[in-house]
Amino acid sequence: MTDLQAGRTESFIAPLRVVPGKKVDLAADFDPKYEAGVAKKADGVELLRVGIELLAEYQRRLAAEQTRGVLVCLQALDAGGKDGTIRHVMSGMSPQGVRVANFKVPSVEELDHDYLWRYARRLPRRGQIVIFNRSHYEEVLVVRVHPENLDRQRLRASARGGNIWKRRYREINAWERYLTDNGFRVVKLFLNLSKEEQRIRFLKRIDVPERNWKFSAADVRERAHWDAYQQAFTHMLNATSTEWAPWYVIPADRKWRARLCAAAVLAHTLIDIDPQYPKMSAPARRELANARKELEEEANRGSG
Ligand code: ATP
Ligand code: MG
């Protein structure tokens, strides 16, 4: 990766970043149809192909180095395109080095623990990339929009009182800081879908038989809370976009562009980490040379 390519990736993703400390308003500041300088789908698809190759190479290096890890947090409203984004971003990667963790409604066992417990259990190892399909941010999104979820968490009155959301933001920021300091980068992607595009995608799930299985009446009911979600996203972006783990708002109304932007943000992180294949020690190099000699002699014997 040349400095020029690194610079291009940086300027491509800079408009998507929520600058830490700067107040943003989701509706006013981020357009789900933002073009990101790539107007034509054919160009976007070609760029994505190149990006996926680059991700694959960096992932191999990350796995070989076994020192740092990457956690990708993916948040979106229903039909936001999480699955397709994950499929594309991972497509060139080696299955051993990458894993997806899906987070649904918490189980009884999960509710028996503190709220970050289930996320902590599925963090990456050194050398690994883990994608959280929904993440610990659900704890300040769906739980905030539907506070009855808090009842199930069986918090003591003192843990619910005051400003619980402010406290959760603080705890999440501190947790991510801890992970970053210990060698694990946290990449946060919010797929920003417009209400009209969500309506169109739901209709497609009803009208196209191959997509019927994806349709959920509960998703349509959840749409009634659209404004509350937009507010919760805005609060989340303002409170948890930090120097060590900034948020990126991905324009999601065009699937190909969302995938390209997500791949670019992840590539940017990996370029910055710049993992290296381990250097062979002198004894290890000697061992390789001996092994080579043995293998060559075997061939000589075979042919002789
Ligand atoms: P897909 O629909 O593409 O399979 P999904 O992530 O939407 O993927 P679902 O099983 O449809 O998966 O939905 C999971 C549900 O779990 C979502 O409605 C989400 O809001 C909910 N959820 C996730 N985390 C929590 C949480 N901590 N507390 C309460 N609900 C949660
Ligand atoms: Mg769903």
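## Salt bridges, core and surface of a predicted chain

Lys33 counts as partly exposed, at 46% relative accessibility. The model described here is a predicted one. The side chain of Lys33 meets that of Asp253 in a salt bridge, with 2.7 Å from N to O. Asp253, in contrast to its partner, counts as buried, at 2% relative accessibility. Lys33 sits in the loop between helix 2 (26-29) and helix 3, and Asp253 in the loop between strand 5 and helix 14, so this pair ties together parts that are 220 residues apart in sequence.

### Overall make-up

The chain has 304 residues, of which 46% count as buried. Its secondary structure consists of 15 helices and five strands. The C-alpha trace spans about 80 × 50 × 40 Å along its principal axes.

### Nonpolar core

The largest nonpolar core holds 41 residues. Within this core, the residues with the most contacts are Val70, Leu189, Ile250, Leu266 and Leu270. Both helices and strands contribute: at least two core residues each come from helix 1 (3-13), helix 3 (41-65), helix 4 (82-90) and helix 14 (255-273), and likewise from strand 1 (69-76), strand 3 (129-133), strand 4 (184-192) and strand 5 (247-251). Helix 14 gives the largest share, with 13 residues.

Some of these elements also appear in the salt bridges. Strand 4, a contributor to the core, carries Lys188, which pairs with Glu176 of helix 10 (residues 164-181). Helix 3, another contributor, holds both Glu57 and Arg60.

### Salt bridges

Side chains of opposite charge can pair when their charged atoms come close. In this model the count comes to 22 salt bridges. Three of them are set out below.

| Pair | Closest N to O distance |
|---|---|
| Asp253 and Lys33 | 2.7 Å |
| Glu176 and Lys188 | 2.7 Å |
| Arg60 and Glu57 | 3.3 Å |

What is the accessibility of the two partners in the Glu176 and Lys188 pair? Glu176 has 0% relative accessibility and counts as buried. Lys188 is also buried, again at 0%. Glu176 and Lys188 form a salt bridge in which the closest N and O atoms are 2.7 Å apart. Because Glu176 belongs to helix 10 and Lys188 to strand 4, the pair ties together parts that are 12 residues apart in sequence.

The Arg60 and Glu57 pair lies within one element. Both residues are in helix 3, three residues apart, which means that about one helical turn separates them. Arg60 is partly exposed, with a relative accessible area of 44%. Glu57 is partly exposed as well, at 27%. Arg60 and Glu57 also belong to a network of salt bridges that includes Arg61 and Asp274.

### Backbone: two positive phi values

Most residues other than glycine have a negative phi. Asp274, a member of the network just described, has a positive phi of about 50° although it is not a glycine. Asp274 lies in the loop between helix 14 and helix 15 (282-303). With 34% relative accessibility, Asp274 counts as partly exposed.

Which other residue has a phi near 50°? Gln66 has such a value, which is positive in a residue other than glycine. Gln66 is placed in the loop between helix 3 and strand 1. Gln66 is exposed, its relative accessible area being 56%.

### Surface features

Arg87, Lys204, Arg211, Lys214 and Lys255 form a positive surface patch. One of these residues, Lys214, is found in the loop between helix 11 (195-207) and helix 12 (217-222). Lys214 has a relative accessible area of 33% and is partly exposed. Because patch members need over 30% relative accessible area, Lys214 meets that requirement at 33%.

Ile206 is located in helix 11, the helix that precedes the loop of Lys214. Ile206 counts as partly exposed, at 45% relative accessibility. How far apart are the C-alpha atoms of Ile206 and Ser91? They are separated by 28 Å, and the two residues are 115 residues apart along the chain.

Definitions and conventions. Residues numbered from 1 in each chain as written. Chains lettered and ligands numbered in written order. Predicted model: local features only at pLDDT ≥ 70, side-chain atom pairs only at ≥ 80, totals over all residues. Heavy atoms only, no water. Patch = residues over 30% accessible without salt bridge, like charges linked within 9 Å, V, L, I, M, F, W, Y side chains within 5 Å. Areas by Shrake-Rupley, 256 points an atom, 1.4 Å probe, with all protein chains shown as cover. Salt bridge = Lys/Arg side-chain N within 4 Å of Asp/Glu carboxyl O. Lys, Arg positive; Asp, Glu negative; His and termini not counted. Charge placed at Lys NZ, Arg CZ, Asp CG, Glu CD. Helix = DSSP H or I, 4+ residues; strand = E, 2+ residues; numbered from the N terminus. Buried < 20%, exposed > 50% of the residue type's maximum accessible area, 1.4 Å probe, protein only. Core = buried A, V, L, I, M, F, W, Y, C linked by side-chain atoms within 4.5 Å.
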